[in-house]
Amino acid sequence: MLEDLLETLKTHMSTYEFQTYIQPLYFDPHASNATCAVFYAPNVWLANYIKTRYGALLEQVLSAKQNTPLKVQICPKETKPKAPPKPLIKAHKNPTLNPAFTFDTLVVGACNHMAVKVASQVAQKSGVYNPVLFFGGVGLGKTHILNAIGNTACDRLQSVLYVTAEQFLNDYVFRLNNHSMDKFQEKYRSCDYLLIDDVQFFGGKEMVQEEFFHTFNTLHAQGKQIVMSSDKPPKHIKGLADRLLSRFEMGMIASIQAPMLDTKIAILTQKCQLNHICIDQEVVEYLASHIHENIRQLEGALLRLNATAALSGEEISLRMAEEILKDTTKERLQEVGLEDILKVVAQTLNLKPADIRNNFRNRQVALARKLIIYLARTLTDTSTNALAQFLGLKDHSGVSKASKTIAQSMAKENHTRLLVEEMQAKINSSKPV
């Protein structure tokens, strides 16, 4: 069965996907039965990912080959059952929520401390702040926070509805075309908590804004909790009606920033523990220091690293991590320029770029030049000679010394580390998308 299935699946995905995720699967005919096919993945992480990403496809292909509906169960190898599996998975108490997204699995750092504090209070008691809007870039944990609020509220026996703005729009259009707006309004205006993700999607869509405006007013008047997320502050959402903008800004607004190095290390460490991934601290720190954009990219890199190790039969190593991030690093190096770094350092230290490049003599300028050298050697592939020329140095001998000085200072002094991480975040956030 497995061989035939694998051959069929090859036509449904890329060679990389097939070799990384499908080929390592092991089919167990003894644990399977007439209605359920059991496969084993090398570990928990891969089992969960394959189940989410390819589970439906596996069931579709298998059912077609067997001419009968078949369920597919994907288990981690270490929990391989000895008897045919029984349907032990219970439906989550709220099908709109992800049960894995809780406050217990949310890593808190300087980047999201205030947002998590607000979320926790709202989850425990409706109306503490109402409405609440969290904003931040892609992959920074906004959806996790909304689901954590919902899961906690469900534990308090509250009625919770989580949707994306796009789902709200699609539902609205469907009900409008089917003349069943009463059911739409009953669904969205009868919950204790309305959690709506990516409200920037409403920008420029007048009809759905009108409906959400009335939904918002109804819930708010009844003291029901409204929590939203956006990739930008409300005032920066293009095409948002003034009256809806005023509603968004009448409550609590909390930002979520890109995680600093210590938070990224904590996130990776937690993911490894939850998914039983054995990895050296050196590799964790390498991943954390070379991925700057968002949490989702951190998780993706760890997933690729784990999948590569499982496929190759080798232990996870620093060399393997460097190979995995090679393309990402190369792309990043091509995007960041010396002028970008100079501009950010000058703004952060309240200096003029011309003073830094002309070696204007004071302690702050000397620090700025060292920071530029360190950031350039970390974020770009600029040669030592080119860097020395950019800063007007007489020779390049001081470049390595300056970089080493900042690295040592970061290891000893927390304020230097935070300053460098702040600049790295600004540089990466200013790159073209």
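Biologist: Which residues does Met-423 touch, not counting residues up to four places away in sequence?

Modeller: In this predicted model, contact means heavy atoms within 4.5 Å. With residues up to four places away in sequence left out, the list for Met-423 is Val-344, Val-345, Thr-348, Leu-349, Leu-371 and Leu-375.

Biologist: How many residues has the largest nonpolar core, and which helix gives the largest share of this core?

Modeller: Met-423 is named, together with Ile-341, Val-345, Leu-349 and Leu-375, among the residues with the most contacts inside the largest nonpolar core, which has 31 residues. The elements that give two or more residues to this core are helix 15 (338–348), helix 17 (363–379), helix 18 (384–390), helix 19 (397–412) and helix 20 (414–429). The largest share, nine residues, comes from helix 17.

Biologist: How many residues are in the other core, which lies apart from it?

Modeller: In soluble globular proteins, nonpolar side chains tend to be buried together. Here a second core lies apart from the one just described, and with Leu-169, Tyr-172, Leu-194 and Ile-226 among its members, the number of its residues is 28.

Biologist: In what order do the five strands of the open sheet stand, and which strands are at the edges?

Modeller: The five strands of this open sheet pair in parallel, in the order 5-6-7-4-8. Each edge strand has a single partner strand, so one side of it is left without a neighbour in the sheet, and these edge strands are strand 5 (160–164) and strand 8 (252–256).

Biologist: Is strand 7 mostly covered or mostly uncovered, and how many of its residues are buried?

Modeller: On one side of strand 7, Gln-225, Val-227 and Ser-229 are buried, and on the other side Ile-226, Met-228 and Ser-230 are buried as well. Strand 7 is therefore mostly covered, where buried means under 20% relative accessible area, and the count of its buried residues is six of six.

Biologist: Which residues stand opposite Ser-229 and Met-228 in strand 7?

Modeller: Strand 7 is joined by four bridges to strand 4, running parallel, and four bridges also join strand 6 to strand 7, again in parallel. Opposite Ser-229 stands Phe-134, and opposite Met-228 stands Ile-196.

Biologist: Which handedness has the β-α-β unit that strand 6, helix 8 and strand 7 make?

Modeller: Helix 8 (residues 206–221) lies across strand 6 and strand 7, and runs at about 140 degrees to strand 7. The β-α-β unit made by strand 6, helix 8 and strand 7 is right-handed.

How values were computed: Residues are numbered from 1 along each chain as its sequence is written. This is a predicted model: local features need pLDDT of at least 70, side-chain atom pairs count only at pLDDT 80 or more; totals for chains, interfaces and linings use all residues. Side-chain values use heavy atoms; hydrogens and water are left out. Two strands pair if DSSP finds at least two bridges between them. Axes are lines fitted to C-alpha atoms, for helices over the stretch in contact, and angles run from 0 to 180 degrees between N-to-C directions. A nonpolar core is a set of buried Ala, Val, Leu, Ile, Met, Phe, Trp, Tyr and Cys residues joined through side-chain atoms within 4.5 Å. Buried means under 20% relative accessible area, exposed over 50%, partly exposed in between (1.4 Å probe, protein chains only). A crossover is right-handed if, with the strands pointing away from the viewer, the path from the first strand over the helix to the second runs clockwise.
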